[in-house]
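Here's a quick tour of the model on your screen. We'll start in the packing, move on to the metals and finish with a strand.

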Amino acid sequence: MALDIVTIPCLKDNYAYLVKGAGGCCLIDAPEAGPILATLKSRGWRLDTLLITHHHHDHVGGVEALRAAYGCTVMGPQAEADKLPPLDRALQERDTIGEGEMLAEVIEVPGHTLGHVAFHFPAGPAVFTADSLMALGCGRVFEGTPEMMWESLSKLTALPPETVVYSGHDYTLANAKFARTIEPGNAELIARIDRTVSMRVRKLPTAQAPLSEELATNPFLRAGQPHIKQALGMADAPDAEVFAEIRARKDRF
Ligand code: ZN
Ligand code: FE
């Protein structure tokens with residue numbers, strides 16, 4: 001049985017994700033309970049495990065209502081345990097959750113927050129990245145440093161390229177406008193922007209794409225490309241510095 005991954009729009013532009021396999025049902029992030037409870041009910045699923053990526057309210061607002069409804073096991077980053085709802089299990093780098101096709105590995109991806117984690121399901125293959133790596137973008141660096149975020153993104157890009165990246169917000173269209181300023185000549189990027197526009201018109205989610213597509217189009221992952229360094233006047237700068245410059249430009253965009 002292949003994993004069943006369900007995208008649930010929450011709040012204004014957040015996503016929660018349900019992963020259902022032979023070993024049970026797991027949720028990644030709980031922005032608000034209502035849409036998640038409705039999805040579980042309509043599918044006749046019960047929630048076994050709730051995985052939290054980081055402490056921001058738009059990722060944990062629904063945790064207590066879901067715990068009350070299902071008695072699910074709540075897990076999240078140890079490094080943010082003091083800012084999170086009570087954890088049944090605190091997670092660190094390379095911890096694993098579940099087994100068989102429901103096995104997930106914890107990847108620490110600090111930058112947006114200092115304890116942010118991603119969840120990698122090799123059987124998907126899927127990785128849930130919330131506000132670290134995002135479709136055509138990356139999260140704002142609030143608590144860490146750009147160098148830290150670059151390291152975190154580098155861990156994610158080392159996953160198999162067919163891995164589908166599921167991010168925490170649908171910022172893709174806004175990210176696309178910025179991406180075009182960094183690499184206007186990238187034909188794959190332009191084609192992705194066209195697809196994104198037509199998907200948004202049909203109100204389809206656009207924040208889920210294979211890592212191979214992010215590698216080819218996401219400006220934050222392309223800081224090492226010589227023609228981009230050249231265009232930014234940073235031909236000889238290390239990749240992490242070029243990333244920091246791209247992140248700074250996006251913050252001002
Ligand atoms: Zn956040
Ligand atoms: Fe967020």
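Let's begin with Ile246: leaving aside neighbours within four places in sequence, Ile246 is in contact with Phe178, Ile182, Pro219, Phe220, Ala223, Ile228 and Leu232. Keep in mind that this is a predicted model.

**Nonpolar cores**

- Ile246 belongs to the largest nonpolar core, which has 26 residues; along with Leu153, Leu156 and Phe243, Ile246 is among those touching the most other members.
- Three helices each give two or more residues to this core: H4 (146-157), H5 (172-182) and H9 (239-252).
- There's another core, lying apart from that one, with 22 residues, including Ala30, Ala33, Leu50 and Val74.
- As background, nonpolar side chains tend to be buried together in soluble globular proteins.

**The metal site**

- Which protein atoms serve as donors of the zinc ion (ligand 1)? They are His54 (NE2), His56 (ND1), His112 (NE2) and Asp131 (OD), sitting 2.2 to 2.3 Å from the ion.
- Along the chain, the donors of the zinc ion (ligand 1) are spaced as H-x1-H-x55-H-x18-D.
- Why is the arrangement around the zinc ion (ligand 1) irregular? Because the four donor atoms subtend angles of 83 to 171 degrees, whereas a tetrahedral call needs all angles between 85 and 135 degrees.
- Asp131 does double duty here, bridging the zinc ion (ligand 1) and the iron ion (ligand 2). The two ions are 3.0 Å apart.
- As for the first two histidines in that spacing, His54 and His56 are both buried.

**Strand S9 and its partners**

- S9 covers residues 117-121, and five of its five residues are buried.
- Val117, Phe119 and Phe121 point one way from S9, while Ala118 and His120 point the other way. Buried or exposed? Both sets are buried.
- That fits the usual picture: in a regular strand, side chains alternate between the two faces of the sheet.
- On one pairing, S8 (residues 104-108) runs antiparallel to S9 over four bridges, and Val106 stands opposite Phe119.
- On another, S9 pairs with S10 (residues 126-130), again in the antiparallel sense, over three bridges. Here His120 stands opposite Val127.
- The link from S9 to S10 is a hairpin through four residues.

Definitions and conventions
Residues are numbered from 1 along each chain as its sequence is written. Chains are lettered from A and ligands numbered from 1 in the order in which they are written. This is a predicted model: local features need pLDDT of at least 70, side-chain atom pairs count only at pLDDT 80 or more; totals for chains, interfaces and linings use all residues. Side-chain values use heavy atoms; hydrogens and water are left out. Buried means under 20% relative accessible area, exposed over 50%, partly exposed in between (1.4 Å probe, protein chains only). Two strands pair if DSSP finds at least two bridges between them. A nonpolar core is a set of buried Ala, Val, Leu, Ile, Met, Phe, Trp, Tyr and Cys residues joined through side-chain atoms within 4.5 Å. Contact means heavy atoms within 4.5 Å. Donors are N, O and S atoms within 2.8 Å of the metal (3.2 Å for Na, K and Ca); water is not among the atoms, so sites may look incomplete. Four donors count as tetrahedral if all angles lie between 85 and 135 degrees; four count as square planar and six as octahedral if opposite donors are over 155 degrees apart and all others between 65 and 115; anything else is irregular.
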